[in-house]
Each structure stands twice: as structure tokens, then as C-alpha cells.
Amino acid sequence: MNRTTSNSQNSALSEFKEAHPEEIQTITEALVKITSLPAEAIKSHLDAMLEKLVKTTESPFYETASDEEWFQALHEWSYRHKQNIPPLSDYAVSRAGIYEDEEI
């Protein structure tokens with residue numbers, strides 16, 4: 001995940017928490033009562049759950065990414081793969097090499 005996507009998710013989570021403070025407090029209090037855990041422990045779990053829920057409601061990368069974000073994502077993806085692989089031979093990429101069992 002790139003930094004822009006992460007910032008976008010954090011922003012969306014912050015907006016969500018600002019829009020629903022009473023509901024989040026009610027949920028936290030109920031979970032404290034049910035689990036007997038301290039509120040701080042509950043909040044970290046609740047934040048993680050809300051973050052996942054916010055992430056699932058966001059538009060997919062391909063719908064919102066700029067050209068620069070696409071370039072960066074492709075660049076990061078390509079560098080995660082082995083770079084010391086020898087190139088294929090001309091025969092390997094030729095029609096005869098690809099369809100060697102078929103009669104033409």
C-alpha cells in the first residue's frame with residue numbers, strides 16, 4: 001500500500017470517528033462490560049475493526065488512482081520480483097516454440 005492510500009484511509013477513519021462519537025463510545029462501553037477489558041484495550045481493537053470496515057467501503061485503486069499513482073504502484077510491483085532471471089530465447093517465444101506439439 002502506498003503512502004497516499006494509507007493517508008486516505010486514516011483520513012476516512014478520522015472522519016468516520018468524528019461523525020459517530022456517541023455510537024463509538026456506546027460500543028466501547030458495551031465491549032468493556034462484556035469483556036472486562038480496559039477501555040484502552042478495547043479502543044485499539046475497535047479502531048482496527050473500523051479501519052478494515054472503512055477500507056472495504058472505499059473505491060478500488062483502479063477507479064481513483066492518478067497516472068502517477070499507477071506508475072508508482074507498477075514500479076513497486078516490478079521491483080518485488082526477481083530481476084536476475086535470464087531472458088527467454090527467440091525459439092521460446094516463437095510460434096514453433098509455443099505450439100511445438102501442434103501441427104500447423
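The legends below describe close-up views of a predicted model.

**Figure 1. Overview of the protein chain in the predicted model.** The protein chain holds six helices and zero strands, and its elements follow the pattern α-α-α-α-α-α along the sequence. Of the 104 residues in the protein chain, 12% are buried. The accessible surface amounts to about 8900 Å², and carbon and sulfur atoms account for 56% of that surface. Among contacts between residues at least 6 apart in sequence, 45% join residues at least 24 apart.

**Figure 2. Helix α2 and the residue that follows it.** Helix α2 covers residues 21-35. With 15 residues at 1.5 Å a residue, α2 should span 21 Å. The C-alpha atoms at its ends are 21 Å apart, so the model agrees with the expected span. The expected span is 1.5 Å times one less than the number of residues, which is why 15 residues give 21 Å. Just after α2, Ser36 takes a positive phi of about 65°.

**Figure 3. A nonpolar surface patch that includes Ile27.** Ile27, Leu31 and Ile34 form this patch on the surface. Together the three residues have about 270 Å² of accessible area. Ile27 lies in helix α2. The relative accessible area of Ile27 is 40%, so this residue counts as partly exposed.

**Figure 4. Surroundings of Thr28 in helix α2.** Thr28 has a relative accessible area of 2%. Buried means under 20%, so Thr28 falls in the buried class. Leaving aside residues up to four places away in sequence, Thr28 touches Ala39, Ile42, Lys43 and Leu46. One of these contacts, Lys43, lies in helix α3 and is shown again in Figure 6.

**Figure 5. The salt bridge between Asp47 and Lys17.** The structure has two salt bridges in total. In the Asp47 and Lys17 pair, the closest N and O atoms are 3.0 Å apart. This pair links distant parts of the chain, with Asp47 in helix α3 (residues 39-57) and Lys17 in helix α1 (residues 3-19). The two residues are 30 residues apart. Asp47 has a relative accessible area of 25% and is partly exposed. Lys17 is also partly exposed, at 30%. Side chains of opposite charge can pair when their charged atoms come close.

**Figure 6. The salt bridge between Glu40 and Lys43.** The closest N and O atoms of Glu40 and Lys43 are 3.8 Å apart. The cut-off is 4 Å, so the pair counts as a salt bridge. Both residues lie in helix α3, three residues apart, about one turn of the helix. Glu40 has 59% relative accessibility and counts as exposed, whereas Lys43, at 34%, is partly exposed. Lys43 also touches Thr28.

**Figure 7. The aromatic pair of Phe61 and Trp70.** The structure holds one aromatic pair. The ring centres of Phe61 and Trp70 lie 5.0 Å apart, and the ring planes meet at 65°. Planes over 60 degrees apart count as edge-to-face, so the pair of Phe61 and Trp70 is placed in that class. Phe61 is partly exposed, with 30% relative accessibility. Trp70 is partly exposed too, with a relative accessible area of 41%.

Technical notes
Residues numbered from 1 in each chain as written. Predicted model: local features only at pLDDT ≥ 70, side-chain atom pairs only at ≥ 80, totals over all residues. Heavy atoms only, no water. Patch = residues over 30% accessible without salt bridge, like charges linked within 9 Å, V, L, I, M, F, W, Y side chains within 5 Å. Areas by Shrake-Rupley, 256 points an atom, 1.4 Å probe, with all protein chains shown as cover. Salt bridge = Lys/Arg side-chain N within 4 Å of Asp/Glu carboxyl O. Helix = DSSP H or I, 4+ residues; strand = E, 2+ residues; numbered from the N terminus. Buried < 20%, exposed > 50% of the residue type's maximum accessible area, 1.4 Å probe, protein only. Contact = heavy atoms within 4.5 Å. Phe/Tyr/Trp six-rings, centres within 6.5 Å; stacked < 30°, edge-to-face > 60°.
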